[in-house]
Amino acid sequence: MPATSLYPERVAAVRRYAADDDLTGLVTELAEIARLNGGHWGHDGRRVTDVLDALPEQRRARLATALVERLEADDPADDAGALTALVTIIVRHLGADVPLAETRRLLDHAARQWTWWPPEQLAMLSRIVHQADGALPGPLVGSLRRTVLTGYQTSGPLHDLVRVLHEPLLNPGEAWADQLLAELPDLGAGWAELVGHALTATAARPTARWERRAGALLDHVGAPAYRAAALGWLALVGRPRTAPVAATYHPYDVAQAYDPFNAIALRGLIWLLAVATPADADADSARVLGRIVETSLRKVAGLGPRNPKVANAAVYALARLGGEHALAQLARLTARVTYKGTLKELNAALDRRAEALGLSRAEVEELAVPTYGLTAVGHRTETFGDATAELVVDGSAVALRWRNAAGRPVRTVPAAVRREHPEELRELKAAAKDVEKMLSAQAERLDRQFLAQRRWRFDAWRGRYLDHPLVGTLGRRLIWQVDGVACGWADGALRTVDDAPLGPADGATVTLWHPIGHDVAEVLAWREWLERHAVVQPFKQAHREVYVLTAAEERTGVYSNRFAAHVLRQHQFHALAAVRGWRNRLRLMVDDTYPPATRELPEWGLRAEYWVEGAGDEYEVDTTESGAYLRLVTDQVRFYPVRAPENTAHAGGGGYEQWIGPGGDPVAPLALDQIPPLVFSEVMRDVDLFVGVASVGNDPTWQDGGPAGRYREYWESYGFGELSATAETRRELLGRLVPRLAVADRCRVEGRFLTVRGDLRGYRIHLGSGNILMTPNDEYLCIVPQQSVAAGTGDVFLPFEGDRMLGVILSKALMLARDTEITDPTILSQLRRR
């Protein structure tokens, strides 16, 4: 409480209202105290609770229910958490003499909570109603079960009560569980027992005994019937809760979490699906399981992944299933999942499949990509009566295009198709979504192939990368080397940079082209080739940045400071590092040590490290509510042998040092000039990407320098300073693109900036951060870009995908060149301020 001197008069008021049995006045006074003390009912707050504890039991019960009524008001004016904490204190000493109506009202409130404390009183009150009514409401049973599963106690009255509560079978409030409970009565004998068996899925994997029992139960209800019902339920996993619950005791949004009791059943239902599905899994089963993996790993602030155990159960089921659809999901998820535990399960599943097929892991990943019904590269045609649908892959976009009976294009699905072919339409739309997801995963996999140094025989490569109906849409936009001759796909053939068709290549060796090791003239020629043939690469290849040792790095010898002293948003950096194959741990403001961000390169026998540490020392200013640092400060990049002892440093800094086990010896970092140029370049490119995306210097709203202005100097130096290699690539490309813009006469590239001449002001857009200075006095202009990667760039041709900042810079330039047409009041107020 900010002013403890208020307590004497507050306590006196509480005593007065209590003595007068003025319930309304007492509740109002307690709400005001709760607002002041924020839920801290110890120390001076104990004077208040002592007064309440002395009240007769029935009056305390009435007070508790009155507080509950206030909590559940449409617009409560108090601190809900603080008042809830007070209610739990009041009910601690309630006994069996509480009127049944008051007990039901308190339990009705408890049913709307994720969990409820104290558990002993919750059990006692629940038993009273259970004995009186013979049952408890489903939402209350859910709260009881969650309280048991998330609490620290392993036994007690509440545990004893929960063990005898068998109805409802699942906790209501989640879409999939509600659907199951609604359908169960009509499914017939054996189904409830089958779901009950799913609730015993508490181990990491099903035992042989569990599966035998599952098989017997499935024989009774029919495996095909179970599969049909389960797919309907599982398709709803992850949907928003159907009944809201409060999260008084939890620092995360419980509406986004899985109910822990239902999650046990969910794992069992997934295992049952694996038992019930034939050897060759159908597309629907594999698709549903793949989606469950992704939705179960979706991050919830303050919690982390929703439920990795459910995700792992779905991976287990996919690994058990045969057929191309299950294998495709495993391969896709391996390229997309970053959660370490589940990724380990995915890798193990693919390794087992590769061993069983007698193939390498890389070959299995290549062969696992289905065609999704595409009969030509990027194209599928389906007929629905008199209407025709075309599924077309255009770059990274997937579109469904329709023609009516007259052959004319129409914008929406014809009504006759919706009416007469609903199942075929559903499958086509699902296939389009699958194609979109697989395209993204395959682009990421291909982008990692530079360091893998894969080699293919020409005929195998052609089938997997050039003519494959799906992967071909990516492979035909890349540059390859066939027996050392660089070529790309254009006008229906493989062509060299001079557009000469490549001759017969049967038996040749194919590799992925990388600009390192090629002279500047050749690289520039390929960039011109892409523009000439309007090829948009799925990621930077011809425009890929190449990083070579600087003079400073030659002097330091074993470490690079090129990307040191930056301030990054931790969570954005963490997510991006995982996507790029780096191992990292979120740093908490605690007395603990952490390893650096690490990328292991076993093919090269190397490990790259990027040293980072937590920034700031003020809890909930420099951290999230759960204590994770919001920002990191960066330091050196180093290379070690892959098995060298790990370096660690305190979460908040203090220097890295190797942890040496008994009998071990320290291992020195490797000299940078001994690192293969390709490895050095690709690792430094990753680090440049981390800084370029996650730096607080990119945030146009940070002009004030963030908390207490402490990062203002960094923000200004990054936001308008020297260009990184990525920004230099952007600068070179803009030099070619600007003359083609509709506003080319108003734009030019000058040094670190794209300058734009408007009618109201002149502008300089920094090519690294996208931040804007206005002439004539370099006044800062804050424009927060849209979330769309390249919002407002019109028909400007960009030769590669993935550089969001390039799109942001172009969209800002196009807007500012026509600044008299700007209508946004926030921007206009800045333009007119002199």
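Two helices count as roughly parallel when the angle between their axes is under 35 degrees. In this predicted model, helix α15 (residues 283–296) and helix α17 (residues 324–336) have axes that cross at roughly 20° and come within 8 Å. The pair is therefore roughly parallel, and its crossing is right-handed. On the α15 side, the residues that take part in the meeting are Ala 283, Ala 286, Arg 287, Gly 290, Val 293 and Glu 294. Their partners in α17 are His 325, Ala 326, Gln 329, Arg 332 and Leu 333.

Helix α14 is a good next stop for a newcomer. Its 17 residues (260–276) should span 24 Å at 1.5 Å a residue, and the end C-alpha atoms, 25 Å apart, agree with that expectation. Of these 17 residues, 15 are buried, so the rest of the structure largely encloses α14. The N-terminal end of α14 is capped by Asp 259, which places a side-chain oxygen 2.9 Å from the backbone nitrogen of Phe 261.

Helix α14 also appears in the surroundings of α10, whose buried residues pack against α11 (191–198), α13 (223–234) and α14. Those buried residues are Ala 175, Trp 176, Ala 177, Leu 180 and Leu 184. The length of α10 fits expectation too: 13 residues (175–187) should span 18 Å at 1.5 Å a residue, and the end C-alpha atoms are 18 Å apart. Just beyond the helix comes Gly 188, with a positive phi of about 105°.

Notes
Residues numbered from 1 in each chain as written. Predicted model: local features only at pLDDT ≥ 70, side-chain atom pairs only at ≥ 80, totals over all residues. Heavy atoms only, no water. Helix = DSSP H or I, 4+ residues; strand = E, 2+ residues; numbered from the N terminus. Expected span 1.5 Å × (residues − 1). Buried < 20%, exposed > 50% of the residue type's maximum accessible area, 1.4 Å probe, protein only. Polar contact = N/O pair within 3.5 Å; in protein donor to acceptor, adjacent residues only side chain to side chain. Contact = heavy atoms within 4.5 Å. Axes fitted to C-alpha atoms, helices over the stretch in contact; angles between N-to-C directions. Parallel < 35°, antiparallel > 145°, perpendicular 65-115°, else oblique. Left-handed = near helix turned anticlockwise from the far one by under 90°.
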